[in-house]
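Trainee: I would like to go through this structure with you. Please give me the reason behind each term.

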Amino acid sequence: MNSQALMDTAKALAAGGKGILAMDESNPTCNSRFRKLGIPETVEARRAYRELLLTTPCLGDCISGVILFDETIRQTRKDGTPLGEVVIDAAMIPGIKVDLGAKDLAGYPGEKITEGLDGLRGRLAEYFLLGARFAKWRAVIKIGESIPSRGCIEANAQALARYAALCQEAGLVPIVEPEVLMDGDHTMGRCGEVTEVALRTVFAELSAQRVMLEGMVLKPNMVIAGLACSAQNPVEEVASATMQCLRRTVPAAVPVIAFLSGGQLASDASAHLNAMNEGYKSQLPWALSFSFARALQQSALEIWRGYDTQVFLAQQALHHRAACNQAARRGAYTPEMEMMGVRTGKEEDQ
Ligand code: 5MM
């Protein structure tokens, strides 16, 4: 294991106030998003959409790394350039989703276990040769009347830790993503309790599997009320609850926490990230960044809708969201940026 290379990659993913673009939707997820907008659910449409995202002018000014899906890392731009190379040419780091999805957990009705450990060592070696330098595995934890169970949290934490150890052995930085879902009517307090237990369990398992914390990225949910909860909390309360939870559970050796957006409105995700950086950055051991999928892509997808004539506007929308979140990393995001477009602030970045 080349520890220095892993630490360098993890640091590079957080450098320049940039964040990670998650565009690793599996085919069923990507197709269902296309279906809602009347976009053909084809290999070519998925390729064209991923090309649109990756060729967005100046995306590398705000985005450090890109999480690809297996199909995408094997595809090419229209001119034949492999999409992994397009990522590198744009000064971004290619990453790859390596889990095989969340499946029903036997014996635990309503709960999921993420699969994909069998044969993972071989797949990681191939992804490294294809240019990937980091990977992602997502565990899904649902809040309900009597869930999550201890059994579900432990099984997922152990799988995350075994995946992370295999990644580091293969020279890939693992993004460890234990997602407590926003589905449901639970309160922010309940989300905080569950997230705290999940993160404690994940870090205990990471330690048991000898994962080097300096060479990983944590991708957690924010601590926030369920989408169907009638009491939604103000931005500052979400920031404060999320910080309390992470400070209690995440070791200082972890270099970067890159949040998922989880179904929040794009502007809410930016506002929450901004409030955390504005209020707490100077007191924290880790960088607070983003690894959003929907909160970066959704506006671009809605503008594109499969039309070549819309590519330029869709790319502008993606760049705008990336720049808003880059500003949020500095605590410099304001709601007015949603109306006016934003400067990248590159000249002020560290
Ligand atoms: C939680 O999902 C991840 C972050 O996305 P959001 O910012 O939209 O919450 C995302 O990377 C996710 O893991 C991928 O979209 C893959 O999802 P599927 O369900 O297709 O494996």
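Mentor: Start with pairing. Two strands count as paired if DSSP finds at least two bridges between them. Keep in mind that this is a predicted model.

Trainee: What makes β9 and β10 a pair?

Mentor: The rule asks for at least two bridges. Strand β9 (residues 256–259) and strand β10 (residues 287–292) share 4 bridges, in the parallel sense. Therefore they count as paired. Take I257 as an example: its bridge partner in β10 is L288.

Trainee: What packs on the sheet?

Mentor: Helix α8 (residues 188–208) does, touching β6 (134–141), β7 (173–180) and β8 (217–218). The direction of α8 makes about 150° with that of β7. Helix α12 (residues 311–329) also packs on the sheet. Its contacts are with β1 (19–22), β2 (63–68) and β10, and its direction makes about 160° with that of β10.

Trainee: In what order do the strands close into a barrel?

Mentor: The order is β1-β2-β3-β6-β7-β8-β9-β10, which makes 8 strands with parallel pairing.

Trainee: Which residues come nearest to the ligand?

Mentor: S26, T29, K136, S261 and G262, out of 17 residues around the ligand.

Trainee: Why does T29 count as a polar contact of the ligand?

Mentor: The cut-off for a pair of N or O atoms is 3.5 Å. An N or O atom in the side chain of T29 is 2.6 Å from a ligand oxygen, so the pair qualifies. R138 passes too, because its polar side-chain atom lies 3.4 Å from an oxygen atom of the ligand. G262 uses a backbone N or O atom, 2.6 Å from a ligand oxygen.

Trainee: How much of the ligand's accessible area does the protein cover?

Mentor: The protein covers 91% of the 500 Å² that the ligand has on its own.

Trainee: Why is the pair of F34 and Y49 called edge-to-face?

Mentor: Ring centres must lie within 6.5 Å, and planes over 60 degrees apart count as edge-to-face. The count by this rule is 5 aromatic pairs. For F34 and Y49 the centres are 5.7 Å apart and the planes stand at 85°, so the pair is edge-to-face. The two residues are 15 apart in the chain: F34 sits in helix α2 (residues 27–36), Y49 in helix α3 (residues 43–54).

Trainee: What makes the backbone at C58 and A91 worth a look?

Mentor: Most residues other than glycine have a negative phi. C58, in the loop between α3 and β2, has phi near 65°, a positive value. A91 also has a positive phi, near 65°, and is in the loop between α5 (83–89) and β3 (93–97).

Trainee: Where is the omega near 10°?

Mentor: At the peptide bond from I147 to P148, which is cis. P148 is in the loop between β6 and α7 (150–170).

Technical notes:
Residues numbered from 1 in each chain as written. Predicted model: local features only at pLDDT ≥ 70, side-chain atom pairs only at ≥ 80, totals over all residues. Heavy atoms only, no water. Contact = heavy atoms within 4.5 Å. Axes fitted to C-alpha atoms, helices over the stretch in contact; angles between N-to-C directions. Near = heavy atom within 4 Å. Polar contact = N/O pair within 3.5 Å; in protein donor to acceptor, adjacent residues only side chain to side chain. Areas by Shrake-Rupley, 256 points an atom, 1.4 Å probe, with all protein chains shown as cover. Phe/Tyr/Trp six-rings, centres within 6.5 Å; stacked < 30°, edge-to-face > 60°.
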